[in-house]
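These are my notes from going through one protein model. I began with the sheet and ended with the pocket.

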Amino acid sequence: MTNSPQIRSCSAALFLIIFLLLNPSSYGQTQSRRTLLISIADRKLAVIENGAVKKVYPVAVGKNLTPSPTGSFLIVDRVTDPTYYHASKVVTPGPHNPLGTRWMGLSEKGYGIHGTNSPKSIGKAVSHGCIRMARPDLEEVFSQTRVGDVVLILGERDDLTAQVFGTSDAVAAIGTPSHAAVVILASGQ
């Protein structure tokens, strides 16, 4: 079981994110780098910049029949006021658009991080596989991200998600976890 492609892919992605978190200087000195870490199990997204957790947001994820993809992806496009296309249905920008006001497309075709016209869905497993965010959260994250930023989506809780997201009670009590928590995880202390 440990040799399955999905486990190897997740292990490689975990190694990559830990390396990038611990070696922000490997990006160069002039440009900050962001990673969006998404925990499907926690239904949360963390913005990690230059190795530090900046902020954690609640999200909606894919439902059982249409799960969110897991692995390491890149943001390949960013669209303000997107048009929604599905089968023969087209919804122009506006309050009825299920994508909300922003779209960040992933390197996994058809999947992205976007808004919603159903804000009560945030925190639930209800989407067709995309990651949904509340409008103010999405617009804040959108303003911070660029094409080429890494998006790491983890399907199950592990040491990294426990350190970054904690438990629901712990995150509410202590706020956003620090970069030190990720360093401690990576160093094995």
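**Turn and sheet**

I started at the hairpin of β2 and β3, where 2 residues lie between the strands and N50 takes a positive phi near 50°. I note that the model is a predicted one.

I then looked at how β2 and β3 are joined. They pair in the antiparallel sense over 6 bridges. I checked A46 and found V56 as its bridge partner in β3.

On the other side of β2 I followed β1. Strand β1 (residues 34-39) and strand β2 (residues 44-49) also run antiparallel, over 6 bridges. I listed two partners in β2: I48 for T35, and A46 for L37. A46 therefore appears in my notes with L37 in β1 and V56 in β3, by the bridge assignments. The β1-β2 hairpin has 4 residues between the strands, and R43 takes a positive phi near 55° there.

I looked up the burial of β2 next. I found 6 of its 6 residues buried. K44, A46 and I48 point one way, while L45, V47 and E49 point the other way. Side chains in a regular strand alternate between the two faces of the sheet. I note that the charged residues K44 and E49 are in the buried set too.

**Strand β12**

Which strands pair with β12? I found β1 in the parallel sense over 5 bridges, and strand β5 (residues 71-80) in the antiparallel sense over 4 bridges. I38 stands opposite I153 in β12, and the bridge partner of L74 in β12 is V150.

Is β12 covered or exposed? Strand β12 (residues 150-154) is mostly covered, with 5 of its 5 residues buried. V150, L152 and L154 point one way and V151 and I153 the other, and each of them is buried.

I wrote down the whole sheet after that. It is an open sheet of 8 strands with mixed pairing, in the order β3-β2-β1-β12-β5-β8-β9-β11. At its edges stand β3 (52-58) and β11 (131-132); each has a single partner strand, so one side of each is left without a neighbour in the sheet.

**Helix α2**

I looked for what lies across the sheet. Helix α2 (residues 135-144) lies across β1, β2, β3, β5, β8 (102-106) and β9 (112-114), and runs at about 55° to β8.

I picked E140, which has its place in helix α2. E140 counts as partly exposed because its relative accessibility is 29%, and the partly exposed range lies between 20% and 50%. Leaving aside neighbours within four places in sequence, I found E140 in contact with K55 and Y57. Both of these residue numbers fall within β3 (52-58).

**Pocket**

I looked up the largest pocket and noted a volume of about 460 Å³. Its lining has 21 residues, and those nearest its centre are Y84, L99, W103, G110 and C130. I also noted that β6 (84-86) and β8 each supply at least two residues of the lining.

**Whole chain**

I closed with the totals. The protein has 5 helices and 12 strands, and 41% of its 189 residues are buried. Of the contacts between residues at least 6 apart in sequence, 59% join residues at least 24 apart. The accessible surface comes to about 10,000 Å², and 54% of this belongs to carbon and sulfur atoms.

Key:
Residues numbered from 1 in each chain as written. Predicted model: local features only at pLDDT ≥ 70, side-chain atom pairs only at ≥ 80, totals over all residues. Heavy atoms only, no water. Buried < 20%, exposed > 50% of the residue type's maximum accessible area, 1.4 Å probe, protein only. Contact = heavy atoms within 4.5 Å. Areas by Shrake-Rupley, 256 points an atom, 1.4 Å probe, with all protein chains shown as cover. Axes fitted to C-alpha atoms, helices over the stretch in contact; angles between N-to-C directions. 1 Å grid on protein atoms, 1.4 Å probe; cavity = no way out; pocket = protein on both sides within 12 Å on 5 of 7 lines; lining within 4 Å. Points joined across faces, edges and corners; volume = space filled by probe spheres on them.
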